[in-house]
Amino acid sequence: MTSETGAHPRIRSYVLRAGRVGSGQARALAELGPRFVLPYQPDRLDLDAVFGRTAPRFLEIGFGMGEGLAEIAAAHPGNDYLGVEVHTPGVGALLKQIGERGLTNVRVIQHDAVEVLTSMLGPASLAGVHIFFPDPWHKKRHHKRRLIQPPLVALLAGRIRPGGYIHLATDWQDYAEQMLAVLSAEPSLQNTVADYAPRPDTRPLTKFEQRGIRLGHGVWDLLFRRI
Ligand SMILES: C[S@@+](CC[C@H](N)C(=O)[O-])C[C@H]1O[C@@H](n2cnc3c(N)ncnc32)[C@H](O)[C@@H]1O
């Protein structure tokens, strides 16, 4: 299929679901959204102005309900965190956490992360990128929707400053293998270990993962440094 301009529409890594927004999430969206949610814009963001300071900046793509991001941000008040997620209940849930924990070092963009990376973030603007359990798109014919592909990884690597890192995690072995192949092939990234890394402390253990571990499922972490 081609768009009206004749260009191929980009295949997206998500399908927007009409998820139910709970009352606490709706309240957080209304009350905290204006302060913590940044509208998508097709130009560069001035991150120092947004956060009101200069600090190491970390991007989390697809934060889901945001528990992990909120926990990481609370544990590292000296860092700033930008969370990008398309799903409204997740944005509401993270805002609720921001309110409950009194976080000031988190901002949220509700938009496709690929476009945010392309337009809003400048080269070498990030100290690190977290992508935890991206949608695995199990069926082979859907693999083209997977987020971790060479063009996105090259884009990500260019947004990370030398010495910064990219941390991925998945519970799907076949996707882990694809991640390892794609990251290893990106010349500006270097693996910090041979193959898969032990879970770094910077990634909180989720309930979903604890359940998986009890059931004997695997989890693969990948930790690459930008050179
Ligand atoms: C399987 S969930 C994992 C959520 C969370 N990281 C966790 O570990 O529980 C993947 C999330 O990525 C989001 N997502 C997928 N593609 C995205 C994109 N291109 N931009 C922003 N968010 C995206 C989805 O909406 C979904 O909430």
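Where is the place of K139? In this predicted model, K139 sits in the loop between β4 (126-132) and α6 (150-159).

## Annotated binding site

The UniProt record, an unreviewed entry, assigns the feature "binding site" to K139, D171, T206, K207, F208 and E209. These positions span 71 residues of sequence and are spread in space as well, with C-alpha atoms up to 25.2 Å apart.

Two of the annotated residues can be described further. K139 counts as exposed because it has 8 C-beta neighbours inside 10 Å, and the cut-off for exposed is 12 or fewer. E209 belongs to helix α8 (residues 207-214). With 19 C-beta neighbours inside 10 Å, E209 counts as partly exposed; a buried residue would need 20 or more.

## Ligand surroundings

There are 20 residues around the ligand, and Y14, G62, G64, A113 and F133 come nearest. Sorted by class, this shell holds eleven nonpolar, six polar and three charged residues.

## Helix α6

The loop that carries K139 leads to α6 (150-159). In this helix, V153, L156 and R159 are buried. Viewed down the helix axis, the buried residues of α6 fall within an arc of 120°, and therefore line one face of the helix. The exposed residues P150 and P151 are on the face turned away from that buried side.

Which elements cover the buried residues of α6? Among them are the helices α5 (113-120) and α7 (173-185), together with β4 and β5 (160-170). β4 is also the element at the other end of the loop with K139.

Methods: Residues numbered from 1 in each chain as written. Predicted model: local features only at pLDDT ≥ 70, side-chain atom pairs only at ≥ 80, totals over all residues. UniProt positions renumbered as here; feature names shortened; annotations may be inferred. Helix = DSSP H or I, 4+ residues; strand = E, 2+ residues; numbered from the N terminus. Near = placed C-beta within 6 Å. Nonpolar A, V, L, I, M, F, W, Y, C, P; charged D, E, K, R; others polar. Arc of directions from axis to C-beta. Contact = placed C-beta atoms within 7 Å.
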